[in-house]
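Please look at the arrangement of the nonpolar residues in the model shown here. The report begins with a single residue and widens to the whole chain.

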Amino acid sequence: METRQQRFESVLSRERFKGLKAILDSLSLEPGALYAGVNGASSYEELLTRLGFRVTLIKQIHVQDCYSRVGPTGGIRAVLPYHDIPTQSSLPTLVNFDSTVTTTPKAISFFNALLAELKNHLS
């Protein structure tokens, strides 16, 4: 019999949720805290806040420029250049050392929908 935590990890590992999983994995959290955050959040932004991150929205992220700023000096812990093929959308996210996640309004909207879909699969 699969526990809720195991089911969560199994569903999150599906190809459909690859981008969301990459972001959540880069936050370096304990799996139980991640499950609790997803379970209690009603939006992607709320999820990030529950996990201890502040969201910074900017109009556009130049991914190539960000790679040169990876590291403590540049302030970026991870550059996640997710590209959604069906919608032909570029949805980059930056995870920063100061516990912020920098992203675009378009990415927030996309990951809100993906989080709702994930929660539907879990219920």
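## Surroundings of F111

Leaving aside residues up to four places away in sequence, F111 touches G19, L20, I23, Y44, Y82, L91 and T93, where a contact means heavy atoms within 4.5 Å. This is a predicted model, in which local features need pLDDT of at least 70 and side-chain atom pairs count only at pLDDT 80 or more, while totals for chains, interfaces and linings use all residues. Residues are numbered from 1 along each chain as its sequence is written, and side-chain values use heavy atoms, with hydrogens and water left out.

## Nonpolar cores

The largest nonpolar core (buried Ala, Val, Leu, Ile, Met, Phe, Trp, Tyr and Cys residues joined through side-chain atoms within 4.5 Å) has 31 residues, of which L20, L24, L27, F111 and L118 touch the most other members. Among the elements that each supply at least two residues of this core are α1 (4-12), α2 (18-26), β2 (76-84) and α6 (105-122), and α6 gives the most, with seven residues. A second, separate core of six residues includes I61, I76, V79 and L94.

## Overall fold

The protein has six helices and four strands, taken as DSSP runs (H or I, at least four residues, for helices; E, at least two, for strands) and numbered from the N terminus. Along the sequence they follow the pattern α-α-α-α-β-α-β-β-β-α.

Of the 123 residues, 41% count as buried, that is, under 20% relative accessible area with a 1.4 Å probe and protein chains only. The C-alpha atoms fill a box of roughly 45 × 30 × 20 Å along the principal axes.

Methods:
Buried < 20%, exposed > 50% of the residue type's maximum accessible area, 1.4 Å probe, protein only.
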